[in-house]
Amino acid sequence: MNPFELFKNMNEIKSQAEAMKAKIATIRCTGYVGGNMVQAVANGNMEIESITIDPEFAKAENAQLLEVMVTSAVNTAIKNVKDRIQEEAGQTMAQYGLGL
């Protein structure tokens, strides 16, 4: 795309960026570990909203493994959010003939 065309469309691009920001704020992704024994939900701002642990698994003898599983679930949730944001941004950029 011609760079001057981008300048002509600056208001539209700004509007699209605001729409993208609002859409990202609504993204929620979950990371599951251990057959859903541990779940972490992250939002589009890369914040963890919740962690759910199966009560049967949340016993003292499982503490060390539980720590590893919570870490893994959180990292998976955040990775899923990043992937969704990149997907959404790629679709928006493609409208202007730009790629990520």
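A salt bridge here is a side-chain nitrogen of Lys or Arg within 4 Å of a carboxyl oxygen of Asp or Glu. Keep that cut-off at hand for the first stop: select Lys-59 and Glu-56, whose side chains meet in a salt bridge at 3.7 Å, N to O. Because its relative accessibility is 37%, Lys-59 counts as partly exposed. Its partner Glu-56, at 57%, counts as exposed. Bear in mind throughout that this is a predicted model.

**Zoom out: the whole chain**

Show the cartoon and colour by secondary structure. You should find 3 helices and 3 strands. Followed along the sequence, they come in the pattern α-α-β-β-β-α. Switch on a surface next: the accessible area of the protein is about 6700 Å², and 55% of it belongs to carbon and sulfur atoms. Of the 100 residues, 26% are buried. If you like contact maps, take those contacts that join residues at least 6 apart in sequence: 50% of them link residues at least 24 apart.

**Select 38–43 and 48–53: the hairpin**

These ranges are strand 2 (residues 38–43) and strand 3 (residues 48–53). In which sense do strand 2 and strand 3 pair, and over how many bridges? The pairing is antiparallel, over 5 bridges. At one place along this pairing, Val-38 stands opposite Ile-53 in strand 3. The two strands make a hairpin with 4 residues between them. Click on Met-46 in that turn and check its backbone: phi is positive, about 65°.

While Met-46 is selected, add Lys-82. The two residues are 36 apart in sequence, and their C-alpha atoms are 8.0 Å apart in space. Lys-82 belongs to helix 3 (residues 63–94). With a relative accessible area of 48%, Lys-82 is partly exposed.

**Select Asn-43: a buried polar side chain**

Go back to strand 2, where Asn-43 lies. Is Asn-43 buried or exposed? Its relative accessible area is 6%, so Asn-43 is buried. Draw a distance to Glu-49: the side chains of Asn-43 and Glu-49 make a polar contact at 3.2 Å. Now expand the selection to see what else surrounds Asn-43. Setting aside residues up to four places away in sequence, Asn-43 touches Ile-27, Arg-28, Glu-49 and Val-81.

**Select Ile-48, Ile-51 and Ile-53: a nonpolar patch**

Turn the surface back on and pick these three isoleucines. Together they make a nonpolar surface patch of about 210 Å². Take Ile-51 as an example: this residue sits in strand 3. Its relative accessibility of 42% is why Ile-51 counts as partly exposed. As you rotate the view, a general point may help: side chains in a regular strand alternate between the two faces of the sheet.

**Select Lys-23 and Glu-88: a link between helices**

You have already visited one salt bridge, and the full count is 4. Another of them joins Lys-23 to Glu-88, with the closest N and O atoms 2.9 Å apart. This pair ties together distant parts of the chain: Lys-23 is in helix 2 (residues 10–25) and Glu-88 is in helix 3, 65 residues apart.

How do Lys-23 and Glu-88 stand in exposure? Lys-23 is partly exposed, with a relative accessible area of 43%. Glu-88 is buried, because its relative accessible area is 9% and the cut-off for buried is under 20%. Expand around Glu-88 to see its neighbours: leaving out residues up to four places away in sequence, Glu-88 touches Met-20, Lys-23 and Ile-27. Ile-27 may look familiar, since Asn-43 touches Ile-27 too.

**Last stop: Asp-83 and Lys-79**

Stay on helix 3 and select Asp-83 with Lys-79. Their side chains meet in a salt bridge at 2.7 Å, N to O. Both residues lie in helix 3, 4 residues apart, which is about one turn of the helix. Colour the pair by accessibility: Asp-83, at 37%, counts as partly exposed, and Lys-79, at 49%, also counts as partly exposed.

Notes
Residues numbered from 1 in each chain as written. Predicted model: local features only at pLDDT ≥ 70, side-chain atom pairs only at ≥ 80, totals over all residues. Heavy atoms only, no water. Patch = residues over 30% accessible without salt bridge, like charges linked within 9 Å, V, L, I, M, F, W, Y side chains within 5 Å. Areas by Shrake-Rupley, 256 points an atom, 1.4 Å probe, with all protein chains shown as cover. Buried < 20%, exposed > 50% of the residue type's maximum accessible area, 1.4 Å probe, protein only. Polar contact = N/O pair within 3.5 Å; in protein donor to acceptor, adjacent residues only side chain to side chain. Contact = heavy atoms within 4.5 Å. Pairing = 2+ DSSP bridges.
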